[in-house]
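Hi,

Here is the structure I promised to pass on to you. Have a look at it first, and then read my notes below.

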Amino acid sequence: MYSLKDLLDREYFNNTVQEYFIAATTFLVGLLLLLIFKRIILRSIARLVAKSESTVDDIVFSEVRRFITPIAGTAIIYWSVNTLALSTKVEKLVTVTTSVIIAFFFIRLISSAIRIALTSYVSRQDNGSTKIKQIGGVMIIINIVIWILGTIFLFDNLGYDVSTVLTGVGIGGIAVALAAQNIIGDLFNYFVIFFDKPFEVGDAINVDDKNGTIEHIGLKTTRLRSLSGEQIVIANSDLTKSRVHNFKRQENRRIEYSFSILYRTPVDKLKKIPGIIKEIIEKTPNTRFDRAHVARFSEYGLTVTVVYFITVPDYLTYMNAQEAINLQILEAFQREGINFQIREDKEFALPDPNATSGGTPGSVR
């Protein structure tokens with residue numbers, strides 16, 4: 001009859017029953033500690049995080065809890081198996097497998113942390129919800145870099161010589177950069193647009209002779225919807241090298257225009273013109289009067305210049321205000337009997353509001 005010591009000393013695959021028991025005990029104790037950590041410590045931290053007003057710490061804690069559990073579980077399995085005497089091939093297989101799994105989750109944790117940081121940074125800016133949509137393009141590049149560096153670091157820790165790989169990557173990178181320098185240039189300019197923010201999705205811009213509203217900012221191109229309806233595709237490099245007029249960020253709109261009055265207009269009526277125009281503009285909504293003058297003599301008549309500001313950037317508001325001002329000027333000039341000069345030999349006579357006879361409302365003579 002076998003004693004307990006004889007049973008524990010029995011050997012299977014180069015390990016005694018006692019050693020298997022120690023490995024199983026290590027695994028179970030590790031799982032118990034991990035369960036306590038999840039049920040007590042993580043839940044306590046979750047309650048503290050939930051009390052804060054910020055949502056960033058909630059997201060960070062959620063992501064950490066998401067990845068820390070599989071990393072800890074993999075480490076427990078590794079420590080348990082590592083207590084046994086394993087063959088060289090099995091030991092290497094266990095080490096490589098454990099390293100790959102931990103590296104996989106650790107790289108994902110870093111990527112998630114960067115994404116959270118970028119999202120938090122962008123969401124605090126104006127129109128943050130719109131800009132968050134652009135993070136996807138940035139994260140593609142960041143993830144590629146993280147996974148390349150993480151893979152190289154993993155192979156280096158597993159004992160492989162990565163100097164040859166790094167040399168190959170360097171030479172290959174130079175070759176790719178030379179072959180695709182325009183694409184890489186557009187890619188880097190995408191980062192310039194993303195972080196410098198000269199314009200954003202929804203902005204109305206003018207680039208050289210092209211006008212439109214930005215619909216999409218991609219890794220290589222930016223797409224605009226023109227006023228006539230077609231889509232305009234412009235390379236990011238061309239955009240950053242061009243002079244871009246961003247109308248959405250226009251705080252107000254300066255309007256300057258002029259018209260000509262007949263030379264024979266009496267001086268007392270000419271003196272009234274600046275005051276008439278000032279009164280009209282000041283009572284027009286969303287406008288700020290700047291100046292109005294009978295400015296100069298010209299071959300067409302006395303030139304009146306008017307300058308005022310639209311206090312909102314909206315183009316339709318400007319056109320509505322300009323129309324209202326023009327109509328009121330016509331009405332005021334009609335009452336005062338002030339006529340326009342439209343060419344050197346032509347004049348536009350406004351109708352006399354006091355006239356009783358019929359006829360056309362205005363005539364060119």
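Below is what I found, starting with a pocket and moving on to a patch on the surface.

Before you start, keep in mind that this is a predicted model.

First, the pocket. The second largest pocket holds about 320 Å³ of space. To find it on your screen, look for its lining residues, among them Ala-204, Ile-205, Asn-211, Phe-247, Arg-253 and Tyr-315. Two elements each give two or more residues to this lining: strand S3 (204–207) and strand S4 (210–217). Which of them has the largest share? That is S4, with three residues. If you sort the lining by class, you get six nonpolar, three polar and three charged residues.

Next, the surface. There is a nonpolar patch there, and its residues together have about 870 Å² of accessible area. Its members include Val-29, Leu-33, Phe-37, Ile-41, Val-64 and Ile-68. Helix H2 (17–51) and helix H3 (56–82) are the elements that give two or more residues to the patch. H2 gives the most, with nine residues.

One member of the patch is a good one to click on: Leu-33, which is found in helix H2. Is Leu-33 buried or exposed? Its relative accessible area is 53%, so Leu-33 counts as exposed, since the cut-off for that word is over 50%.

Try colouring the pocket lining and the patch separately, and write back if anything is unclear.

Cheers

Definitions and conventions:
Residues numbered from 1 in each chain as written. Predicted model: local features only at pLDDT ≥ 70, side-chain atom pairs only at ≥ 80, totals over all residues. Heavy atoms only, no water. 1 Å grid on protein atoms, 1.4 Å probe; cavity = no way out; pocket = protein on both sides within 12 Å on 5 of 7 lines; lining within 4 Å. Points joined across faces, edges and corners; volume = space filled by probe spheres on them. Helix = DSSP H or I, 4+ residues; strand = E, 2+ residues; numbered from the N terminus. Nonpolar A, V, L, I, M, F, W, Y, C, P; charged D, E, K, R; others polar. Patch = residues over 30% accessible without salt bridge, like charges linked within 9 Å, V, L, I, M, F, W, Y side chains within 5 Å. Areas by Shrake-Rupley, 256 points an atom, 1.4 Å probe, with all protein chains shown as cover. Salt bridge = Lys/Arg side-chain N within 4 Å of Asp/Glu carboxyl O. Buried < 20%, exposed > 50% of the residue type's maximum accessible area, 1.4 Å probe, protein only.
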